[in-house]
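Visitor: I would like to learn how to read helix packing and chain symmetry from a set of coordinates. Could you take me through an example?

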2 protein chains.
Amino acid sequence: MNRPDLNRDIPVLDWTPHLAERTSHMRSSAIRELLKVTQDPEVISFAGGLPAPDFFPLRDIEEACKFVLREEGAQAMQYSATEGYPPLKEYLANTMHKYGVPSKAHNVLLTNGSQQALDLLGKVFINPGDYVITGSPTYLGAIQAWNAYQARYHTVNLDDDGMVVDELEGAYEKVVKESGNPPSFIYVLPNFHNPGGTTLPLERREKLAEIATKLDIPVVEDDPYGQLRYEGEDILPICTLIPERTIYLGTFSKTLTPGLRLGWIVCPESLMLRFVQAKQGCDLHTGTFAQHIASDICQRGLLKPHIKQLCAVYKERRDTMLDALAEFWPDGCSWTHPEGGLFLWARVPESIDTTIFFQDALKEKVAYVPGVNFYPNADGGRNAMRLNFSYSTPELIVEGIRRLGMALKNKLD
Amino acid sequence: MNRPDLNRDIPVLDWTPHLAERTSHMRSSAIRELLKVTQDPEVISFAGGLPAPDFFPLRDIEEACKFVLREEGAQAMQYSATEGYPPLKEYLANTMHKYGVPSKAHNVLLTNGSQQALDLLGKVFINPGDYVITGSPTYLGAIQAWNAYQARYHTVNLDDDGMVVDELEGAYEKVVKESGNPPSFIYVLPNFHNPGGTTLPLERREKLAEIATKLDIPVVEDDPYGQLRYEGEDILPICTLIPERTIYLGTFSKTLTPGLRLGWIVCPESLMLRFVQAKQGCDLHTGTFAQHIASDICQRGLLKPHIKQLCAVYKERRDTMLDALAEFWPDGCSWTHPEGGLFLWARVPESIDTTIFFQDALKEKVAYVPGVNFYPNADGGRNAMRLNFSYSTPELIVEGIRRLGMALKNKLD
């Protein structure tokens, strides 16, 4: 074999005429781009949505790796079923029972993180130009997934109790009027909303279920944080109220670790085959080894105490942030009081645009995500920001909030 | 929280009116359905494309897990860059240099197995109704990935030297005539073709490169088996000849293990951002832990000797199968002589339809994949089958081929 010259220049091709139409709708995640700016270790970052790395259960995972490789290594390293590893599906179905969801293992599909579930939803439900109804603000990753399917968004407002479900019928009518088609689904984050930090009360869930049934729309219930509750009581999931039309999304990223890339879909059996077919084309199946590791940790009963520990750690961090906000931020600011999860949503006086103020914050070596990034139609959030409280230690939280408060006061003077 | 009755029946919803148009093009993989039939442990299966599980380097992987968790656990379990783990990208770029590809780390994107690369190709390149030019037969997983993007297929023939590249210009003209658009790309499996077992000689690669350049079409070079060569010498990859227009796909599934789900794309820098944006929406990033494990094994120099061992094992199995075919199969049969990889392609007399004969084979407790499944337009392969020789031991290979030969003779009598 002749070895060509490695130093030659590769001619540059104009790829534009070769690309699919949908690529013009695809964007890089604003947050991911922003996180690159904040990788300076001196920056106190409230921007990402990262779990606290100091509390990854590394020893449990090492034990699990050893057990899995020695006892079931050949199976754990081989190709496996698209649907997922049966014992893990069984465990998840049983866990869902806690909420009263009548799920069985065949209602569960393991995904490559919850983000893949969002992609599969786009693939199975969204025609180009279709509308999705979301709250605004809403989770950015969902928008990124569905942009690739050329979705459009009709939003309803969020208040301190989450999605204002009374606006749903009006939104439905506008969508039908504008596009001639019903919306693909309603997308809702009921628990400790990202970025809102809000939780949808039972009455709103019941109202939403009633409206979705009346209008015959599927509901996507995205629940990555539901198990991280620091106060109050669990509220019935929407999928318990209307299991026949709800697609529920769960994940191990916030409870175990994100690095294993494990999420799951719970959905009615009559819909499962569509997701399985879509996933086969996407990546054949979710990582076998990762599923065996998670399954081993779950079966040995190690996940629940780990979540309990995490809740204690994150509760302290949340409380520290709430106290620091009250102490250091100027009048005219307000924020949500999340009962769980990783984020709160802070509003600053109207004279401050948080996208511009981001540069002031960076000068003080603090980062957050400007609120406008969470508005699918970029029509709000200019005076708001998302603050993450799971990643930084209490000491850094106090210091970061203090610096932000100082910068806000300087700006207001 | 009230706990609803877990035994209630979930009302069944008709999901059809809610589904996206593209779902009508999505099918379950015929092979995966077929593998379910053949899970009887008494069946000798030449059907799957599974690596030999007895040779997974479980001890090396256990060592790697331990090292990674102890030395870089917090990083290996956290969210990570969409592009992939930098040291692994670096290693892969350097490995590609072996072939003379002037790739750098920024030309490499880690994917959730090679299948995800096929999905990303569909997302980035295929508009509904667009044509892809493939050989026929061709890899089934690619068809499954691209059906979800509503691709159509124009095929050129395969002979014992792989894709008949002289047919490409005619195929291009027909595609333009039929659809008004150029094809999205040419899809080629140059080394130890799945299912054909054929290898494209250098002259054909050069001709293909010339034609692709003349017609201005991108080339997708899918090379899952390239490192598993049992005889002869490496041939320059197409991406070395025309790096500016080739998207090269590699994978760890056949060299390390499939259960880690690790593949990669090598492409020009000007195209990389598109794949990164598409992948962000699909699953944020490839499993961090899996990448760290693979990287550790590669950096410690353990992959190369492992591949050397695999080549010895698979060469023996291939030779055993070739010898058994010559000994046990009736006149009128023929088969390819693969220089590497996992598969060979066998043709039986015209009176035998391999889809029907599959039932005869199952009665003898042997399984294969009927050839028609590898024809995107189902217009060939009725007297052919794909035989895998990597999964079964030499003893089982002899026995399985003997039984198939017997069944063929019975059928011909």
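Guide: Gladly! Let us start with one helix pair. In this predicted model, A:Pro87, A:Leu88 and A:Tyr91 in helix 3 of chain A meet A:Gln291, A:Ala294, A:Ser295, A:Cys298 and A:Gln299 in helix 10 of chain A. Sorted by class, the residues of this contact between helix 3 and helix 10 of chain A are five nonpolar, three polar and no charged.

Visitor: At what angle do helix 3 and helix 10 of chain A pack, and how far apart are their axes?

Guide: The general idea is that two packed helices are described by the angle between their axes and the distance between the axes. Here, helix 3 (residues 86–97) of chain A packs against helix 10 of chain A at an angle of about 45°, and the axes are 9 Å apart. The two helices of chain A, helix 3 and helix 10, are therefore oblique to each other. Their crossing, helix 3 with helix 10 of chain A, is left-handed.

Visitor: How do helix 11 and helix 13 of chain A pack?

Guide: Helix 11 (residues 303–328) and helix 13 (residues 394–412) of chain A pack at about 25°, with axes 9 Å apart. Because angles under 35 degrees count as roughly parallel, helix 11 of chain A is roughly parallel to helix 13 of chain A. Helix 11 of chain A passes helix 13 of chain A in a right-handed crossing.

Visitor: Which residues make the contact of helix 11 with helix 13 of chain A?

Guide: From helix 11 of chain A they include A:Glu316, A:Arg317 and A:Phe328, and from helix 13 of chain A they include A:Pro394, A:Ile401 and A:Gly405. By class, this contact of helix 11 with helix 13 of chain A has eight nonpolar, two polar and three charged residues.

Visitor: Now the two chains. What turn and what shift lay chain A on chain B?

Guide: In general, two copies of a chain are related by a rotation about an axis and a shift along it. Chain A can be laid on chain B by a turn of 180° and a shift of 0.0 Å along the axis, with an RMSD of 0.0 Å. That is the relation of a two-fold axis. The same surface serves both copies, as 98% of the contact residues of chain A recur in chain B.

Visitor: Which residue of chain A comes closest to the rotation axis?

Guide: That is A:Cys65, whose C-alpha is at 3.5 Å from the axis.

Visitor: And how many residues does each chain bring to the contact?

Guide: Chain A gives 84 residues and chain B gives 83 residues. Among the helices of chain A that each supply at least two residues are helix 2 (58–76) and helix 10 (288–299). The side of chain A that touches chain B has 41 nonpolar, 27 polar and 16 charged residues.

Terms used:
Residues are numbered from 1 along each chain as its sequence is written. Chains are lettered from A and ligands numbered from 1 in the order in which they are written. This is a predicted model: local features need pLDDT of at least 70, side-chain atom pairs count only at pLDDT 80 or more; totals for chains, interfaces and linings use all residues. Copies are superposed by least squares on the C-alpha atoms of residues with pLDDT of at least 70 in both. Two residues are in contact if their C-beta atoms, placed from the backbone, lie within 7 Å. Axes are lines fitted to C-alpha atoms, for helices over the stretch in contact, and angles run from 0 to 180 degrees between N-to-C directions. Helices (H or I, at least four residues) and strands (E, at least two) are DSSP runs, numbered from the N terminus. Angles under 35 degrees count as roughly parallel, over 145 as roughly antiparallel, 65 to 115 as roughly perpendicular and the rest as oblique. A crossing is left-handed if the near helix is turned anticlockwise from the far one by less than a right angle, and right-handed if clockwise. Ala, Val, Leu, Ile, Met, Phe, Trp, Tyr, Cys and Pro count as nonpolar, Asp, Glu, Lys and Arg as charged, and the others, Gly among them, as polar.
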